[in-house]
Amino acid sequence: MQPQNDIPTLATARRVVVKIGSALVVEERTAAPRAGWLASVAADVALLRARGTEVILVSSGAIALARRALGLTRRKLRLEEKQAAAAVGQIRLAGAWAAALDSVGLPAAQLLLTLEDSEDRRRYLNARATLGTLLELGCVPVINENDTVATAEIRFGDNDRLAARVAEMTGADALILLSDIDGLYTADPRRDPTAAHLPVVPRLTEEIMAMGGEPPPGYSSGGMRTKLIAARIATGAGCAMAIALGQRDNPLRAIETGARCTWFLPTPEGRTARKRWIAGSLAPLGTLTVDAGAARALARGSSLLPAGVRAVEGSFHRGDPVRVQDEAGHELARGLAAYDAEDARRIAGHRSEALEELLGWRGRDEIVHRDDLVLLG
């Protein structure tokens, strides 16, 4: 078992993603938001923010908030009924979080995503840029599955997986899955009194994955199996993950003060996995030739700015892979372009403050961001 002092903590996290299930957000008897509990979570978020930790919330609950109002009270709904309920419930869910966060002086921002948004390169970059900007502006993004247009995703509760993709996308240090159970057990403790709680899972083995059970009944469509799948995604991206009891007030503060939970440790190679994918698995669709100053800046770990680009070759779109070479033709790096080839040619050699005038709109300052760049050799 991992030594106690190696267990991750929220105290050291720079960016945290918190996933919250329907059963925590919605009062089952009245189908109304649990305003007092939401306020306690908002207070926890405010404490994290006050010490410099950025927080992203991934919240379920839209369908559950609308079911009763629409007369959709039977347990199983048709897909189109779920989508209609989501359209009504999203307004209520966003309003509930906006009120809770406003009470502690934090602006809320709503984003609706699907898993495809985290898997398509261009949509991935768009979503990541939006989230980054919202965090810079002091907002708390509240993300939900875009259930009004989702098809297969809506059926198996993968806001757990969506939260893991968001953690991966944003380079989060910790993902917290607030649940109706205080972590992972060797068996279902509701059925097996000998089940043992696992405080730390150093690595997700097949034995650990086999401990996932069936989804619980009721409004919640998740279950331990989806949480373990989320853990595989998050830890594989270098992000620690915790499964913790969410039903108590101030659940994040409880984790910080030692409440029982299960921490899944990030894989040592997690942070470099995406870089290896960029460097070796994608065929470049274009080439950016840079001057000596830009080459030196890249070697120091900087992003590639348009001012240092001397030539743009190839046909590529935003999010496509490109190679970066010096003026002698030596390949220096590979990365994902932040601009289409035509726009890249237009801004090459120009300083960042001139980009809006050149393009007619304000884009990224970088032509390839350092998070999307891999140095070679």
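## Exercises on contacts in a predicted model

The side chains of asparagine 159 and asparagine 144 are joined by a polar contact of 2.8 Å. Here, a polar contact is a pair of N or O atoms within 3.5 Å; within protein, one must be able to donate a hydrogen and the other to accept it, and residues adjacent in sequence count only if both atoms are side-chain atoms.

Residues are numbered from 1 along each chain as its sequence is written. The model is predicted, with local features needing pLDDT of at least 70 and side-chain atom pairs counting only at pLDDT 80 or more, while totals for chains, interfaces and linings use all residues; side-chain values use heavy atoms, leaving out hydrogens and water.

### Exercise 1: Asparagine 159

Find the helix that holds asparagine 159, decide whether asparagine 159 is buried or exposed, and list its contacts beyond its neighbours within four places in sequence.

*Step 1.* Look for asparagine 159 in helix 7, which covers residues 159-170. Helices (H or I, at least four residues) and strands (E, at least two) are DSSP runs, numbered from the N terminus.

*Step 2.* The relative accessible area of asparagine 159 is 7%, so this residue is buried. The cut-offs are under 20% for buried and over 50% for exposed, with partly exposed in between (1.4 Å probe, protein chains only).

*Step 3.* Outside its neighbours within four places in sequence, asparagine 159 is in contact with Lys19, Val58, Ser59, Ser60, Asn144 and Glu145. Contact means heavy atoms within 4.5 Å. For glutamate 145, check the backbone nitrogen: it lies 3.3 Å from a polar atom of the asparagine 159 side chain.

### Exercise 2: Two helices that pack

At what angle do helix 6 and helix 7 pack, and which residues meet there?

*Step 1.* Helix 6 (residues 121-136) packs against helix 7 at about 75 degrees, and their axes are 10 Å apart. The axes are lines fitted to C-alpha atoms, for helices over the stretch in contact, and angles run from 0 to 180 degrees between N-to-C directions.

*Step 2.* Therefore helix 6 is roughly perpendicular to helix 7. That name goes with angles of 65 to 115 degrees; under 35 is roughly parallel, over 145 roughly antiparallel, and the rest oblique.

*Step 3.* From helix 6, Tyr124, Ala127, Arg128 and Leu131 meet Val166, Glu168, Met169 and Thr170 of helix 7. Sort these contact residues and you get five nonpolar, one polar and two charged. For the sorting, Ala, Val, Leu, Ile, Met, Phe, Trp, Tyr, Cys and Pro are nonpolar, Asp, Glu, Lys and Arg are charged, and the others, Gly among them, are polar.

### Exercise 3: Salt bridges

How many salt bridges does the structure hold? Then examine the pairs of glutamate 54 with arginine 15 and arginine 232 with glutamate 206.

*Step 1.* There are 24 salt bridges in the structure. Each is a side-chain nitrogen of Lys or Arg within 4 Å of a carboxyl oxygen of Asp or Glu.

*Step 2.* Glutamate 54 and arginine 15 meet through their side chains at 2.7 Å, N to O. This pair links distant parts of the chain, 39 residues apart: glutamate 54 is in strand 4 (residues 54-59) and arginine 15 in strand 1 (residues 15-20). With 14% relative accessibility, arginine 15 is buried.

*Step 3.* In the salt bridge of arginine 232 and glutamate 206, the closest N and O atoms are 3.5 Å apart. Arginine 232 is in helix 9 (residues 224-236) and glutamate 206 in helix 8 (residues 206-209), so their pair ties together parts 26 residues apart in sequence. Arginine 232 is partly exposed at 42%, whereas glutamate 206 is exposed at 62% relative accessibility.

*Step 4.* As an extra, find the network of salt bridges that links Arg74, Arg78, Glu80 and Glu81.

### Exercise 4: Positive phi

Locate alanine 31 and asparagine 250, and give the phi of alanine 31 and of asparagine 250.

*Step 1.* Start with the general pattern: most residues other than glycine have a negative phi.

*Step 2.* Alanine 31 is not a glycine, yet its phi is positive, about 60 degrees. Its place is the loop between strand 2 (26-27) and strand 3 (32-33), and at 8% relative accessibility alanine 31 is buried.

*Step 3.* Asparagine 250, also not a glycine, has a positive phi of about 50 degrees. You will find asparagine 250 in the loop between strand 11 (240-245) and helix 10 (251-256).

### Exercise 5: The whole chain

How many helices and strands does the chain have, and what percentage of its residues is buried?

*Step 1.* Counting gives 14 helices and 17 strands.

*Step 2.* Of the 377 residues in the chain, 51% are buried.
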